[in-house]
Each structure stands twice: as C-alpha cells, then as structure tokens.
Amino acid sequence: MAEASTQQSDRTDSKYSAFDQHLTHRAVNVRMFARLLRWTKPYRLTLVASFVLLVIGALIAVAIPLLLGRVIVDEILAPQPEVSEWVLPNFGLVELTHWLANLLNSDLLLAAILLYVAMVLTQSFANLAQSLTLTSGALKTLRDLRVDLFASLERKPSSFYDHVAVGRVMTRVTNDIENLYNLITSFIQIIADFVPFFIIIWVMFDMSVDLTLVGLGIIPIAVVATVVFRLIITKFFRLIRDSVSSLNQYLQEDLMGIEVVQLSGRQEQNIEEYTAYNRENRKHEFSAINYEVLFENLNTSLPSIATALIIWYGGGEVVQGSISIGVLFTFTYFVNMLITPISGVGQFFNTLFRSMASGERIFQALDWEEQLHEPEHPVELPERLRGEVQFRNVNFTYKKGNKVLDDVSFHIKPGEKLAIVGPTGSGKSTIIRLLARFYDIEDDTVFVDGIDVNSISSKDLRQRIGVVLQDFHIFSGTVYDNISLNNPDISKERVEWAARVVNADQYIHKLPDGYDTELAERGHNLSQGQQQLLAFARVLAANPEVLVLDEATSSIDTGTELIIQDGLKKLTEGRTSIIIAHRLQTIQECDRILVLHRGKVCEIGTHEELIAQKGIYFTLHELQFQDVDKADAFATPEDLKQRSDRSRWLHQDDADDLMRDLRARDLSS
C-alpha cells in the first residue's frame, strides 16, 4: 500500500510539474503576505474599523472579570478590609458603581448588575459589528483578487494552456482563494487577542506577582507545543494542496470527456483511478487532522491545568490574607484569557500554513511570465481591411526539436478563397493559430494587408479575423447571447440576419423561445449540426474581413452540410477566406488549394492545376470521386503504397446523387 501511494505521488508530481515545480512551499512568506495586504487597500478603513471594534470588545472582556471580582465580590458581597488596598486595583469600576447607584438611587449590588449587563451588551454589539465589518472587508478583498486572477488567466496565451492542467488552474481560482479568507480574518483576530493579553499580564502582576508567575508557568508548554506543531504540520498542508489540485484536475478531465468515458466503458477504471487520488488526499487530510486534534486538545486542557494551579496556590494566599477572594476569582477568569492568545497562535499557524500554500499558488499564477508579446505602439488598422494575407518563410515549433511548420510561404489576395488540405499533424491548424496571433512568431513573417501581425494588437487583429472551429463552444445563456457574445455593437436585427444567411433561423424559430431560448450546458439541447450553424451565424454577425473555417463541416452530416452550402457562399462572398476541410466537394469551389505535408507546402494551385500535376491532391480526388477499385487494377505496387500513404487520412464515399436528392428536399421544405 505504501508503495502504491508513493507511485501515485510520483505520478501526480511528474504529470503537473510544468506549473507546480517552482513552488517553494515556505511555511511563512512575509513578502507574500505583505503583497496580499495590497488588495486590502481600498477597504483598509473597513478593516481598521473592524480592528478597533475588536479591541473595544477585548477591553470590555478584561473589565468584566474585574467588575465581578473586585466590585461585586470584594466590595459588595465579601469585603475583606484586612487585605491591603494596593493589591486590589479596580480601574475606576468601584467609583463608577457608586456613581451609578447614586444616580439611580439604588443599592450597590443592583447598580453593579446593571453595569455588568451594559458591559455584556456593549461587548456583544462590538463583536457583532466587528464580525460584519471584517467579513465585508475580507470578502471584498478576495473578490478583487479573484477578478484580477481571472483577468490574468484570460490574458494568458494559448501556449500556457498547452502545458498547464486546467483543473489546477481552477483550484487556484476557487479553493485557494477561499483559504485566503481565513488568513485575513485570523490575522486581525490574532492581533486583537494580544491586546488584552498584555493588559491582563499587567493587571495580574499588579494584583499578585506570585500568583501571576504560577499562571504564566503554563505558557512555555503552550509555546513548545505550538513550535512542534508547526514543524510537523507544514509538510502535510503542502501535500494536501497538491492532492486537492490532482483531484480537481482528474474530475475536470473526466467530466469534460464523460461521453468518451461511457462509450469506451471506462467508468469502473476511472472510478478506481479517482479513488486512488482521493485516497492520497484522505491520507494527508487524516494525518493533518490527527495532529490538529491533538494540538487543540492540548490547548483546551492547558487553561484548566493553569486554573487548578491558581486555585491550589491562591487558596492558600486567601487563607493567609495575602489576597482577597475577588482577586482569586478574577485570576481564574484571566488565566483562561491568558492562554487563549497562545492557543490562538497555534490555530493561526494552522491557518497560516494552509493559506501560505494557497497564496503562493495564486501569486505564481499571477506572476507567470508566459505572455503574448504585444507591440508598445500598435498600428492603427483602417476601418475595413482589404483582407490580403501573406506568410513568408514561416518556421514554427511547439516544442524544441519538433518543427511543425517548415519554411511555409504563400500569398492570399483580397477576397480570394484558399483551401488548405493535408494529413493530421501537417500544420493546417497551426497556420490559423499563427495568423490569429495565439503564439509569438518571428517578425516579418506573417502579414495582413502588408502589415506585420506582430505590430498589430492581438485584440484588434482577432476582431478582423473570424474563425469557425470544428469544436464549437456554447456558452451559458440564450441563442441570441451565443451569436452576439454580448457585443453591444451587434444588434438583435443583425443577429437574426446572420442566422438567416447561414440558414440557422430555420431551427431557431422552432425552439421554445426562439432567440431567447436558454441553451443547456455545452449546448446539449442542440444537435452537432445546429451548433455549427450557430457558429457560422456568430462569425457572420461580427463581420470580419478574413474568414477561417477550420474543419467547420467535418462533424456535420451530408444533409446539414447541404443546408449550409448556400449560407457559406454568402458568408465567404466578398471576403478573404481560408478553408480547411477534408471534403473535397467544398474545397473544389475555392480559388486555390494549398497542400501541406509534414509542415511543408507541397502543392499549391487551382483544382484543375493540381489535378493535372497528378500529385497528392490528385490522389485524394481520385479516391473520393473515381472508381478506386478500377484504378487499383492498373496500379503498380509502388503506386498503391504511395496512394495509401497519401490517403490514409481521408476516407469519403462518393455521394453526388444523395446530395442532389437532399438539396432538392431541403429547398422544397
């Protein structure tokens, strides 16, 4: 079992080291804590008010035992004149009680009781107000921090998410932020707890030095216990944070791919793997809880031990007349209040260790230097681009030694439709990502209207390029929201127009509330084809100058594809279009076709020119639209091998007759 746990830990550490390997796991990081306090700046007045209220409540908590012991016991119920007056400080409470009795024309006991009630009520009000102000300031601070963290993650480039687990990022935004709430509240609490601590020590020494030393004798035990606890618990809190991140990451991956999991029958295996992660987390949690319970029980028992010592030693002092009964009574109260801050330090370290690990992870995400290069003085684009696109000797690698694009060059004229074909991994999608500036590239390699894309703000550039991906993402909200993306510049009329152009309005009007229909999570109440039509409407509504279709029709059935053919013609009309598709029926209508293979441009030309070359594209066309068996009968073994190598990524039956029938049926309906 221990070996299995070790293997699990090794797997967790190695799998996500890209994001977590730079963590220091320091138990106390003063610099990080000071940095956290910067987010409290707008709410410092609220937090200061909370601290003041906490101090007021603490001072009243010190005064209440003095009222009970010095005034009610020694002054009213059991006065002891033989005890020296100088050892019985009252801080004006005796005079205040006499004044209140004279004011109300009542006896001293009633006045003392009324004063006691007033103190308790004032303390309760101060504690309530303190709790509300502290909670308000802390929550607003963490709200701003969460927003800043989310904004930072939104601005991270695609390369960041290529090697960082999304589940671990989510842990920082959720669990780790929540842990910092306890840190802020505990920090203010521990400071306020030590205000009465020093006042109590001064009062106790003023009452009885011997009895105070007896009570303080228990403090070294509490200090030693706190130090030992800190040394032990630090390691477990680091392991807990790592294991929670692993749990969240595995859960996120599993639920995002739940259909694949169920189709492949991996439920039981995934449950076992998740149980292994959970078992690892539980082991660390139990270890931490065991030490926490032991420490808490020790801290709980220390005041009782100190009280017993006070009563044992102080009882003799009372008998000898060295101190009064009220002093002994007050000491039994004070000794509990004396141990509480010491115990609070232990609890604060408990919170501190958990929160420091979370804080380090949050600031690691905020400080992650992986950013997309933005020009200091971006070029201002004209109101409308012509749509000219050019790649000049572009080389690109995602990882060192693995070149995805190798000296890629091509030129797209304004309004031209260029199709890009090639096997999986040939670099088709990479071209799109570089054009949209999702990754940093060398200067003077990619141009739009003759302008180097590196000199254009990525935000401005992406507003001019409309991309329809194979995997279309549905956001929570209505159909209208998913087409307009809540862009105030896109009116409802334009949304409806865009949907009509791509023939999406046919099914939208059949939805329960039309354009106001709330879409289910990830669009599960829409078919794959309907989602794709929504994607076309979204791009058309934005009216970009350059259009990119990246396998946009690969997941659509032939009938649905026919429905959108007319819409695609209108969508691409008058704008530069780059079409990546496996279906040559769509590709043939493009002005030119570019063939990629292993990151290189192998062929480029019109459909007729590439057919005449009898190269890779010719083989693809032959497989889709000619009698393959007949062609194979006259082919040599070498021809068959080359044809197989060229076509293993593309398998599509000829369906011209079926397509014509479907077109006629759709048009008639």
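**Exercise 1. Two helix pairs that share H10**

H8 passes H10 in a right-handed crossing; working from this predicted model, determine how the directions of H8 and H10 are related, and then treat the pair H10 and H12 likewise.

*Solution.* Begin with the general description: two packed helices are characterised by the angle between their axes and by the distance between those axes. For H8 and H10, the axes lie 8 Å apart and the packing angle is about 160 degrees. Angles over 145 degrees count as roughly antiparallel, and H8 and H10 are therefore roughly antiparallel to each other.

Next, look at which residues meet. On the H8 side the contact is made by Val-166, Gly-167, Arg-168, Met-170, Thr-171, Asn-175, Asp-176, Asn-179 and Phe-197, while H10 contributes Ile-219, Arg-241, Asp-242, Val-244, Ser-245, Ser-246, Asn-248, Gln-249 and Gln-252. Sorted by class, the contact of H8 with H10 comprises 5 nonpolar, 9 polar and 4 charged residues.

Now turn to the other pair. Helix H10, which spans residues 219–256, and helix H12, which spans residues 267–320, have axes that come within 9 Å and cross at roughly 160 degrees. That makes H10 roughly antiparallel to H12. The residues of the contact of H10 with H12 divide into 21 nonpolar, 8 polar and 4 charged. As for handedness, H10 passes H12 in a left-handed crossing.

**Exercise 2. The nonpolar cores**

Identify which residues touch the most other members of the largest nonpolar core, and which element gives the most residues to that core.

*Solution.* The general expectation is that, in soluble globular proteins, nonpolar side chains tend to be buried together. Here the largest nonpolar core holds 43 residues, and those that touch the most other members are Met-119, Ile-200, Ile-219, Phe-331, Phe-334 and Leu-338. The elements that give two or more residues to this core are H4 (44–77), H5 (93–104), H6 (108–155), H8 (166–207), H9 (209–216), H10, H12 and H13 (325–367). H4 gives the most, with 10 residues.

Phe-334 serves as a worked case: once its neighbours within four places in sequence are set aside, Phe-334 is in contact with Val-62, Pro-65, Leu-66, Ile-200, Val-203 and Met-204. A second, separate core has 42 residues, including Val-468, Leu-526, Ile-616 and Leu-620.

**Exercise 3. A buried residue in H11**

Decide whether Val-261 counts as buried or exposed, and name its contacts beyond its neighbours within four places in sequence.

*Solution.* Val-261 is located in helix H11, residues 258–263. Its relative accessibility is 8%, and Val-261 therefore counts as buried, since buried means under 20%. With neighbours within four places in sequence left aside, the contacts of Val-261 are Asp-254, Arg-266, Gln-267 and Asn-270.

**Exercise 4. H14, the loop after it, and positive phi**

Establish how many residues of H14 are buried, and then find how accessible Asp-444 and Asn-543 are.

*Solution.* H14 covers residues 428–435 and is mostly covered, with 6 of its 8 residues buried. The buried residues are Lys-428, Thr-430, Ile-431, Ile-432, Leu-434 and Leu-435. After H14 comes Arg-437, with a positive phi near 60 degrees.

As a general rule, most residues other than glycine have a negative phi. Asp-444, however, has a positive phi, near 60 degrees, and is placed in the loop between H14 and strand E4, residues 446–448. Its relative accessibility of 51% means that Asp-444 counts as exposed. Asn-543 also has a positive phi, near 55 degrees, and sits in the loop between helix H19 (528–542) and strand E9 (546–550). At a relative accessible area of 28%, Asn-543 is partly exposed.

**Exercise 5. A loop residue and the whole chain**

Find what separates the C-alpha atoms of Glu-380 and Ser-455, and then state what share of the residues in the protein is buried.

*Solution.* Glu-380 lies in the loop between H13 and strand E1, residues 389–399, and its relative accessibility of 76% makes it count as exposed. Although Glu-380 and Ser-455 are 75 residues apart along the chain, their C-alpha atoms are separated by 9.4 Å.

For the protein as a whole, there are 26 helices and 12 strands, and buried residues make up 49% of the 669 residues. Among contacts with a separation of 6 or more, 78% are between residues 24 or more positions apart.

Definitions and conventions: Residues numbered from 1 in each chain as written. Predicted model: local features only at pLDDT ≥ 70, side-chain atom pairs only at ≥ 80, totals over all residues. Heavy atoms only, no water. Axes fitted to C-alpha atoms, helices over the stretch in contact; angles between N-to-C directions. Helix = DSSP H or I, 4+ residues; strand = E, 2+ residues; numbered from the N terminus. Parallel < 35°, antiparallel > 145°, perpendicular 65-115°, else oblique. Left-handed = near helix turned anticlockwise from the far one by under 90°. Nonpolar A, V, L, I, M, F, W, Y, C, P; charged D, E, K, R; others polar. Core = buried A, V, L, I, M, F, W, Y, C linked by side-chain atoms within 4.5 Å. Buried < 20%, exposed > 50% of the residue type's maximum accessible area, 1.4 Å probe, protein only. Contact = heavy atoms within 4.5 Å.
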